[in-house]
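Dear colleague,

I am handing over the structure we spoke about, and below it you will find my notes on what came out of it. Please read them with the structure open beside you.

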Amino acid sequence: MTLTTARTARTAPGGASVTRDADGLAVASFVLGLLGLLVMNILLGPVAIVMAVVALARSTARRGRALLGLALGVADLVVLAVLVTGNGTVSWSLAG
């Protein structure tokens with residue numbers, strides 16, 4: 001027995017599914033926010049935030065993933081601020 005859910009997808013004037021695009025943006029914001037904690041947080045943090053906000057504005061079905069992407073993007077910027085105030089550089093190392 002398989003369960004299926006019906007979801008109505010809005011279509012853009014070009015015929016592309018807006019919901020599917022929003023779902024992709026939500027997943028991408030989560031991945032970029034997570035990756036931004038390790039490398040290039042100065043670039044990936046703001047990109048993750050923008051993608052998450054756009055996905056939420058387009059009513060994504062993956063709302064939790066978009067919210068996590070938003071939180072991780074903000075965390076990227078917090079890590080960047082701590083690094084800059086702590087040692088005056090935008091990079092970090094484990095060697096102290």
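L35, L38, V39, M40, I42, L43 and V47 together make a nonpolar patch of about 650 Å² on the surface, and helix α2 gives the most to this patch, with three residues. Please keep in mind throughout that this is a predicted model.

Two members of the patch sit in the loop between α1 and α2, namely V39 and M40. V39 has a relative accessible area of 43% and therefore counts as partly exposed, whereas M40, at 51%, counts as exposed, because the cut-off for that class is over 50%. M40 also deserves a look at its backbone, since its phi is positive, at about 50°, although M40 is not a glycine.

Helix α2 itself covers residues 41-57, which makes 17 residues, and its span from the first C-alpha to the last is 24 Å, close to the 24 Å expected at 1.5 Å a residue. Its buried residues are N41, L44, G45, A48, I49, M51, A52 and A55. For the spacing of such a list it may help to recall that an α-helix has 3.6 residues a turn, so residues three or four places apart point the same way.

Is N41, which belongs to helix α2, buried or exposed? N41 is buried, because its relative accessibility is 6% and the limit for buried is under 20%. When its neighbours within four places in sequence are left aside, the contacts of N41 are with G36, P46, D76, L77, V79, L80 and L83.

Just after α2 comes S59, with a positive phi of about 55°; like M40, which is not a glycine, S59 is a residue other than glycine. S59 lies in the loop between α2 and α3, the latter being residues 63-87.

On the side of α1 (residues 18-36), I would point you to L32, which lies in that helix and is partly exposed, with a relative accessible area of 21%. With neighbours up to four places away in sequence left out, L32 is in contact with L44, V47, A48, M51 and D76; among these, L44, A48 and M51 are buried residues of α2, and V47 is a member of the nonpolar surface patch. Another member of that patch, L43, is 11 residues from L32 in sequence, and the two C-alpha atoms are 9.6 Å apart in space.

Which residues make up the largest nonpolar core? There are five of them, L25, A26, M51, A55 and A66, and α1 and α2 each supply at least two residues of this core. L25 touches M51 and A55, as well as V54 and R58, again not counting residues up to four places away in sequence.

As for the protein as a whole, its secondary structure comes to three helices and zero strands, in the order α-α-α from the N terminus on. Of its 96 residues, 26% count as buried, and the protein exposes about 6400 Å², of which carbon and sulfur atoms supply 68%. Among contacts with a separation of 6 or more, 59% are accounted for by residues 24 or more positions apart.

With best wishes

Key
Residues are numbered from 1 along each chain as its sequence is written. This is a predicted model: local features need pLDDT of at least 70, side-chain atom pairs count only at pLDDT 80 or more; totals for chains, interfaces and linings use all residues. Side-chain values use heavy atoms; hydrogens and water are left out. Helices (H or I, at least four residues) and strands (E, at least two) are DSSP runs, numbered from the N terminus. The expected span of a helix is 1.5 Å times one less than its number of residues. Buried means under 20% relative accessible area, exposed over 50%, partly exposed in between (1.4 Å probe, protein chains only). Contact means heavy atoms within 4.5 Å. Patches are made of residues with over 30% relative accessible area and no salt bridge: like charges are joined within 9 Å, nonpolar side chains (Val, Leu, Ile, Met, Phe, Trp, Tyr) within 5 Å. Accessible areas come from the Shrake-Rupley method with a 1.4 Å probe; for residues, only the protein chains shown count as cover. A salt bridge is a side-chain nitrogen of Lys or Arg within 4 Å of a carboxyl oxygen of Asp or Glu. A nonpolar core is a set of buried Ala, Val, Leu, Ile, Met, Phe, Trp, Tyr and Cys residues joined through side-chain atoms within 4.5 Å.
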